[in-house]
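Me: I am new to this structure and would like a close look at a single part of it. Could you pick one helix and walk me through its surroundings?

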Amino acid sequence: MIGAETLVRTLLACGVDTTFANPGTSEMHFCAALDRAPGMRSILGLFEGVVSGAADGYARMKGKPAATLFHCGPGLANALANFHNAKKSETPIVNIVGDQATYHAPLDPPLASDVEGFARPVSQWVKRVMHTETLGDDASEAVQASYRPPGGIATLILPSDVSWNEGGTVGQPRPIPKRAKVDARAIREAAAVLKTGEPALLFLGGAALTLGLNDAHRIAAKTGVRLMAPTFNARIARGQGRYPIPSMPYPVDEAVKLTAGIRHVILAGTGEAVAFFAYPNKPSVVTPKDAAVHVLAKPESDAVDALARLADELDCPPAPTLNRPPPPEPARGAMNVEGAAQTVGALLREDAIVVDEAITLRGPFFAGTRNAAPHDWLQVPGGSIGDGLPLATGAAVAAPDRRVVAIQADGSAMYTIQSLWTQAREKLDVTNIILSNRKYAVLLHELKAVGAVAGKTALDLFEIDRPELGFIAMANGMGVEAARADTLEQFADLFRHANARRGPFLIELPLG
């Protein structure tokens with residue numbers, strides 16, 4: 001068996017059955033092996049950033065890794081921005097990078113590069129395979145490594161001769177690593193803090209935002225502790241029937257004001273509340289500097305189990321009955337962001353997946369969907385923009401029975417607009433909502449926040465209206481039906497239409 005077929009069969013044996021790919025010459029034997037080892041769904045992305053972001057969205061929803069396939073170091077380099085987001089999201093991915101043959105690389109051909117150097121900053125495991133005979137075991141180890149808590153990218157570098165040589169043996173699946181239970185002492189310490197009655201914040205991250213909210217609310221009801229999530233998260237369970245969780249504001253001043261008076265911060269599945277950037281004369285950690293920090297569960301620990309045990313330690317009764325108002329009616333009138341958010345909240349399909357890359361317009365949409373039908377909310381924890389459309393693409397592959405809604409800022413949409421082509425090719429059920437304000441609005445916010453004084457030259461760098469971006473034409477050119485809504489009534493009609501049909505649809509909302 002040649003190495004490439006060994007690799008495909010090993011991945012399938014280990015439960016990895018979907019590959020997002022942008023291959024080149026070094027990966028041709030892998031591509032050919034897909035026909036000899038059936039069972040692997042292979043999805044083409046026209047840009048490597050689409051591939052890495054889609055693999056992230058897939059794994060967040062599926063709970064298991066996809067594979068990615070890239071061409072040498074430059075191909076991997078094109079994927080790094082969204083791999084950065086996947087790293088911050090603690091997403092398991094098996095990343096396969098083809099490379100020069102072992103005997104060819106020393107000659108320094110044009111595509112020779114430091115692949116390991118590109119891979120290490122975003123990977124929690126990196127290995128270059130040097131022999132076809134070990135490839136099966138190496139691939140099995142890569143899958144296992146991607147699951148290693150808290151979860152991350154395992155990069156397997158595959159020289160082309162290792163891929164085409166014979167002598168491979170299919171690797172056997174390895175045990176999936178489990179998250180460690182937290183020490184009983186951490187449970188007792190958190191309980192003792194909460195029993196004091198001093199103002200406290202229970203800061204939740206990771207799986208606690210999907211599987212731990214019930215117990216978190218039990219604890220809050222008994223002790224009065226405040227609950228909060230980080231500003232951006234891999235996945236949150238939200239909507240009717242789910243316990244609500246507010247998130248830390250992005251602006252430092254708002255976060256500082258919101259957490260003023262907190263005496264204790266208890267961390268469950270996340271680190272401290274660190275501001276995205278440093279600003280002159282503003283704190284880097286937005287909770288009070290004199291607040292005591294207690295670690296209930298590190299990101300790599302089992303925070304869901306820790307919350308359940310803490311609730312039992314405190315002898316908390318069952319979580320209070322949810323009494324949430326019904327979703328609002330769709331808004332009417334002239335187009336505006338609050339009305340658009342209300343309309344999404346009113347018409348969101350049950351069990352939808354919402355991907356949030358709204359950037360400066362995130363707040364209204366997060367608030368407007370608070371009482372929507374039950375849904376999952378995916379964000380960009382790494383802050384590297386251009387991940388919204390790829391995340392939506394991968395999530396739709398992972399959950400074909402659920403409608404995906406991408407709430408997407410126009411500027412960051414242009415980083416990976418090729419995602420629309422993959423959505424059309426795979427007939428994915430994605431409603432793409434483009435928030436078209438024709439500017440990098442977040443930079444105008446940051447300009448003020450850092451105290452910089454800008455003139456016309458600087459401000460021109462933040463405007464994207466000359467020429468105006470034609471999202472309808474771009475979507476149509478990639479096989480996606482699209483329309484523009486100039487009023488809230490039009491938006492409601494288009495949103496209903498998009499969510500009731502099969503396949504992708506794009507709606508542009510002019511909000512400039």
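Reply: Here is a walk around helix α17, followed by a look at the whole chain. Please keep in mind that this is a predicted model, where local features need pLDDT of at least 70, side-chain atom pairs count only at pLDDT 80 or more, and totals for chains, interfaces and linings use all residues. Residues are numbered from 1 along each chain as its sequence is written, and side-chain values use heavy atoms, with hydrogens and water left out.

Helix α17 spans residues 419-426; helices here are DSSP runs of H or I with at least four residues, strands are runs of E with at least two, and both are numbered from the N terminus. Within α17, S419, L420, T422 and Q423 are buried, meaning under 20% relative accessible area with a 1.4 Å probe, counting protein chains only. These residues sit on the same side of α17 because they cover an arc of only 160° around the axis, judged by the directions from the helix axis to the C-beta atoms. In general, an α-helix has 3.6 residues a turn, so residues three or four places apart point the same way.

What lies over the buried residues of α17? The cover includes the helices α3 (48-62), α15 (388-398) and α20 (471-477), along with the strands β2 (41-44), β15 (430-436) and β17 (505-510); contact means heavy atoms within 4.5 Å. Just after α17, K427 takes a positive phi of about 55°.

Stepping back, the protein chain has 21 helices and 17 strands. Buried residues make up 55% of its 512 residues. Of the contacts with a separation of 6 or more, 81% join residues 24 or more positions apart.

Note on methods
Buried means under 20% relative accessible area, exposed over 50%, partly exposed in between (1.4 Å probe, protein chains only).
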